[in-house]
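Reader: I would like to learn how to read a model of this kind feature by feature. Could we take the general idea each time, and then the case at hand?

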Amino acid sequence: MLEGIDYWEELRDSPSQMEICVAIFANVLELDEQGEPVNEKYAERRAAAWLYRYCTGEPPPGEPDIEPWECRLH
């Protein structure tokens, strides 16, 4: 999804934007009873979708926009 997008260049001087990316991953991630992640690839995809939107101004094709609860900082 992020192929060809230099997101590090975009985020390097904006640590608060990086914090939102991490928050999305953490908010979406689900753990089982043993504390093992059950949807880490999906959480990764949602964080990547946010990066894509941040860098291009539009959500990735076919990907739903980020929900407010996904990017909430705790």
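Author: Let us begin with the aromatic rings, keeping in mind that the model is predicted. A search of the whole structure finds one aromatic pair, and this pair is formed by Trp50 and Tyr54.

Reader: How is a pair of aromatic rings described, and how are the rings of Trp50 and Tyr54 arranged?

Author: In general, a pair of aromatic rings is described by the distance of the centres and the angle of the planes. For Trp50 and Tyr54 the centres are 5.2 Å apart and the planes make an angle of 15°, and because planes under 30 degrees apart count as stacked, the pair is a stacked one.

Reader: Where in the fold do Trp50 and Tyr54 lie, and is Trp50 buried or exposed?

Author: Both Trp50 and Tyr54 belong to helix 3, where they are four residues apart, about one turn of the helix. Trp50 has a relative accessible area of 11%, so it is buried, whereas Tyr54, with a relative accessible area of 32%, is partly exposed.

Reader: What span should helix 3 have, and what is the distance between its end C-alpha atoms?

Author: The idea is to compare an expected span with the one in the model. At 1.5 Å a residue, the 17 residues of helix 3 should span 24 Å, and the end C-alpha atoms are 24 Å apart, which agrees. Just after helix 3, Gly57 takes a positive phi of about 90°.

Reader: How confident is the predictor, and which elements have the lowest and the highest mean pLDDT?

Author: The protein averages a pLDDT of 89, and 99% of the residues score at least 70. Among the elements, helix 1 has the lowest mean pLDDT, at 74, while helix 3 has the highest, at 92.

Reader: Which residues of helix 3 are buried, and against which elements do they pack?

Author: The buried residues of helix 3 are Ala43, Arg46, Ala47, Ala48, Ala49, Trp50, Leu51 and Tyr52, and they pack against helix 1 (7–11) and helix 2. Ala43, for its part, counts as buried because its relative accessibility is 0%. Leaving aside neighbours within four places in sequence, Ala43 is in contact with Phe25, Val28 and Leu29. Ala43 and Ile20 are 23 residues apart in sequence, and their C-alpha atoms are 13 Å apart in space.

Reader: Which residues of the largest nonpolar core touch the most other members?

Author: One reads a core by asking which members have many partners, and then which elements supply them. Here the largest nonpolar core has 14 residues, of which Leu2, Cys21, Ile24, Trp50, Leu51 and Ile66 touch the most other members. Helix 2 (15–28) and helix 3 (40–56) are the elements that give two or more residues to this core, and helix 3 gives the most, with seven residues. Leu2, if residues up to four places away in sequence are not counted, touches Tyr7, Ala48, Leu51 and Tyr52.

Reader: How many disulfides does the structure hold, and how far from Cys21 is the nearest cysteine sulfur?

Author: The structure holds zero disulfides. Cys21 is in no disulfide, and the nearest cysteine sulfur, that of Cys55, is 9.5 Å away; since a disulfide is a pair of cysteine sulfur atoms within 2.5 Å, that distance is too long for one. Cys21 counts as buried because its relative accessibility is 12%.

Reader: Turning to the loop between helix 2 and helix 3, is Asn39 buried or exposed, and what does Asn39 touch?

Author: A loop residue is read in the same way, by its accessibility and its contacts. Asn39 is found in the loop between helix 2 and helix 3, and its relative accessibility is 12%, so it counts as buried. Not counting residues up to four places away in sequence, Asn39 touches Val28, Leu29 and Glu30. Glu36 lies in the loop between helix 2 and helix 3 as well, but at 47% relative accessibility Glu36 counts as partly exposed. Apart from neighbours within four places in sequence, Glu36 is in contact with Glu30 and Leu31.

Reader: And how far apart are the C-alpha atoms of Glu36 and Leu73?

Author: Glu36 and Leu73 are 37 residues apart along the chain, and their C-alpha atoms are separated by 22 Å.

Key: Residues are numbered from 1 along each chain as its sequence is written. This is a predicted model: local features need pLDDT of at least 70, side-chain atom pairs count only at pLDDT 80 or more; totals for chains, interfaces and linings use all residues. Side-chain values use heavy atoms; hydrogens and water are left out. A nonpolar core is a set of buried Ala, Val, Leu, Ile, Met, Phe, Trp, Tyr and Cys residues joined through side-chain atoms within 4.5 Å. Buried means under 20% relative accessible area, exposed over 50%, partly exposed in between (1.4 Å probe, protein chains only). Contact means heavy atoms within 4.5 Å. Rings of Phe, Tyr and Trp (its six-membered ring) pair if their centres lie within 6.5 Å; planes under 30 degrees apart count as stacked, over 60 as edge-to-face and the rest as tilted. The expected span of a helix is 1.5 Å times one less than its number of residues. pLDDT is the predictor's confidence in each residue, from 0 to 100.
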